[in-house]
Amino acid sequence: MTSQPPSPISASQPMRLRADLGRTFEMRFTSTPRGARLARRLAAHRLDTWGIPYGAGPHEGIVLVLGELTANAVRHGHVPSRDFHLLLHVSASAHTVRIEVTDARTERTPPDPETLAAPGEEDTGGRGLLLVAALATRWGWRLRPDGPGKTVWAECVVTPQS
């Protein structure tokens, strides 16, 4: 599946976070590859409407981070008949986008950011969180206090353009 082409309206406009107090999008998705794709596409559209347009570097980085976190929730956090939850929050005053993906699996946790290691040459996986670490300003995870599972989060700073 290809990513959404830049819209003619947003591609011609400079990136400006709307001056609202903040914008939040949250939704539950099926813990399937289709659910992860839908989460990524809906979030990409929402970012565009909030002033972080398709085709802009920050938009592409945020969507890549979100895509990795949702794919990890499906691959490593899947519990049959349990959805994953996505929270996307843009704080215009702090110029920050926060992504939180919560799954229902407690026993499979990611490494802590400071202990994240590169996979070996023969390894076929283990590169997603390296992308998250490279693109996000900071990231981490925590166990859910109100039930089974964990939340993996990342924050990306968006520099406004004049």
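In what order do the five strands of the open sheet lie? The order is 1-2-3-5-4, and the pairing is antiparallel. The model on display is a predicted one, and this tour proceeds through it by selection.

**The sheet as a whole**

Begin by selecting the strands at the two edges. These are strand 1, residues 23-29, and strand 4, residues 138-143, each of which pairs on one side only. Direction ignored, neighbouring strands in this sheet are turned against each other by 15 degrees on average.

Next, add helix 2 to the view. This helix packs on the sheet and touches strand 1, strand 2 (84-91) and strand 3 (96-103). The direction of helix 2 makes about 15 degrees with that of strand 2.

**Strand 2 and the hairpin**

Select strand 2 together with strand 3. The two strands form a hairpin, with four residues between them, and their antiparallel pairing extends over seven bridges. Within this pairing, leucine 86 stands opposite valine 101 of strand 3.

Now move to the turn. Histidine 95 lies in the loop between strand 2 and strand 3, and its phi is near 55 degrees, a positive value in a residue other than glycine. Is histidine 95 buried, partly exposed or exposed? Its relative accessibility is 29%, so histidine 95 counts as partly exposed.

Phenylalanine 84 is the next selection, and it belongs to strand 2. Because its relative accessibility is 0%, phenylalanine 84 counts as buried. Select alanine 73 as well: the two residues are 11 apart in sequence, and their C-alpha atoms are 6.8 Å apart in space.

**Strand 3, covered on both faces**

Show strand 3 alone. Side chains in a regular strand alternate between the two faces of the sheet. On one side of strand 3 are Thr96, Arg98, Glu100 and Thr102, and on the other are Val97, Ile99, Val101 and Asp103. Both faces are covered, with all of these residues buried. Strand 3 is accordingly described as mostly covered, eight of its eight residues being buried.

**Strand 5 and the far edge**

Which strand is joined to strand 3 by eight bridges? It is strand 5, and the two run antiparallel. Select arginine 98 to find glutamate 155 of strand 5 opposite.

Continue to strand 4. Strand 4 and strand 5 (residues 150-157) pair in the antiparallel sense over six bridges. Here leucine 143 has lysine 150, in strand 5, as its bridge partner.

**The helix pair**

Return to helix 2, residues 33-49, and add helix 3, residues 57-76. Their axes come within 9 Å and cross at roughly 155 degrees. The two helices are therefore roughly antiparallel to each other, and their crossing is right-handed.

To view the contact, select residues from each side. Helix 2 contributes Pro33, Ala36, Ala39, Arg40, Ala43, Ala44, Leu47 and Asp48. These meet His59, Ile62, Val63, Leu66, Gly67, Thr70, Ala71 and Val74 of helix 3. By class, the contact has 11 nonpolar, three polar and two charged residues.

**A last stop after helix 3**

Finally, select serine 81, which is placed in the loop between helix 3 and strand 2. Its phi is near 70 degrees, a positive value in a residue other than glycine. With a relative accessibility of 78%, serine 81 counts as exposed.

Notes
Residues are numbered from 1 along each chain as its sequence is written. This is a predicted model: local features need pLDDT of at least 70, side-chain atom pairs count only at pLDDT 80 or more; totals for chains, interfaces and linings use all residues. Side-chain values use heavy atoms; hydrogens and water are left out. Axes are lines fitted to C-alpha atoms, for helices over the stretch in contact, and angles run from 0 to 180 degrees between N-to-C directions. Angles under 35 degrees count as roughly parallel, over 145 as roughly antiparallel, 65 to 115 as roughly perpendicular and the rest as oblique. A crossing is left-handed if the near helix is turned anticlockwise from the far one by less than a right angle, and right-handed if clockwise. Contact means heavy atoms within 4.5 Å. Ala, Val, Leu, Ile, Met, Phe, Trp, Tyr, Cys and Pro count as nonpolar, Asp, Glu, Lys and Arg as charged, and the others, Gly among them, as polar. Two strands pair if DSSP finds at least two bridges between them. Buried means under 20% relative accessible area, exposed over 50%, partly exposed in between (1.4 Å probe, protein chains only).
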